[in-house]
Amino acid sequence: MTERETTRLIAWSRELRQVHARLREALDLTRSAVAEGRSGEATTRDMLLYCHGFCAALDGHHRGEDHTLFPAIKAVHPELEPVLRYLTQDHSMIAHLLAGLQAAVDRAAPVAELDRHLEGVAAIMESHFRYEERQLLTVLETLSLDAPPEEVLGPL
């Protein structure tokens, strides 16, 4: 195996960690924007921007995993099918929570309600990321996958 191939193989585990870190930062920014929220049209516009960006990024990340990364892992490690099924179910639950958050933002819900939505997303997202990293990082260090990172882990 050449040095370039080794670097690319190890890069998938690093890429996943970096994507998770960026999504955590995006959530923190969104939560800060909500915490500073005041009534008014400008705040509503800011919240739409923060929440839409965060929701789109997280959803894109999960769609990339479901359609590209998880099938590649399952092909090489069929014993991980129960783990991948659990992670896919988490993705569905998070999508449901994101839809609730987006609906609250769209109707300019009060700051306290937006914060409750974000708290729920944060709790599930963090639990999901930690489980995913515990179960898959070692596998990703040896996974050979010829696809662009934005297809595999979302267009961040």
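So, burial to start with: of the 156 residues in the protein chain, 42% are buried, where buried means under 20% relative accessible area, exposed means over 50%, and partly exposed is in between, with a 1.4 Å probe and protein chains only. This is a predicted model, so local features need pLDDT of at least 70 and side-chain atom pairs count only at pLDDT 80 or more, while totals for chains, interfaces and linings use all residues. Residues are numbered from 1 along each chain as its sequence is written, and side-chain values use heavy atoms, with hydrogens and water left out.

On confidence, pLDDT is the predictor's score for each residue, from 0 to 100. The chain averages 83, and 86% of the residues score at least 70. Helix H3, residues 81–106, has the highest mean at 92, and helix H1, residues 3–35, has the lowest at 75. Please be careful with residues 1–10: pLDDT stays under 50 there, and the model has 11 contacts for them beyond four places in sequence. Contact here means heavy atoms within 4.5 Å.

Okay, the fold. We've got 5 helices and 0 strands, so the pattern along the sequence reads α-α-α-α-α; these are DSSP runs, H or I of at least four residues for helices and E of at least two for strands, numbered from the N terminus. Take the contacts between residues at least 6 apart in sequence: 82% of them join residues at least 24 apart.

What holds the nonpolar side chains in one set? A nonpolar core is a set of buried Ala, Val, Leu, Ile, Met, Phe, Trp, Tyr and Cys residues joined through side-chain atoms within 4.5 Å. The largest one here has 41 residues, and Leu-58, Leu-69, Ile-73, Leu-136 and Leu-140 touch the most other members. H1, H2 (41–76), H3, H4 (111–140) and H5 (149–153) each give two or more residues to this core, with the largest share, 11 residues, coming from H4.

Leu-140 turns up again at Ser-13, over in helix H1. Ser-13 is buried, at a relative accessible area of 2%. Neighbours within four places aside, Ser-13 is in contact with Leu-137, Leu-140 and Glu-141.

Back to H3. At 1.5 Å a residue, its 26 residues should span 38 Å, and the end C-alpha atoms are 37 Å apart, which agrees; the expected span is 1.5 Å times one less than the number of residues. The buried residues of H3 include Leu-84, Leu-87, His-91, Ile-94, Leu-98 and Leu-101. Remember, an α-helix has 3.6 residues a turn, so residues three or four places apart point the same way. Just past the end of H3, Ala-108 takes a positive phi of about 55 degrees.

How many aromatic pairs does a search of the whole structure find? Just 1. Rings of Phe, Tyr and Trp (its six-membered ring) pair if their centres lie within 6.5 Å, and planes under 30 degrees apart count as stacked, over 60 as edge-to-face and the rest as tilted. Tyr-86 and Tyr-131 have ring centres 4.9 Å apart and planes at 70 degrees, so they're edge-to-face. Tyr-86 sits in H3 and Tyr-131 in H4, 45 residues apart, so to speak linking distant parts of the chain. Tyr-86 counts as partly exposed, at 39% relative accessibility.

Last one: Ala-56, in helix H2, is partly exposed too, with a relative accessible area of 37%. Its C-alpha atom is separated by 9.2 Å from that of Pro-155, 99 residues apart along the chain.
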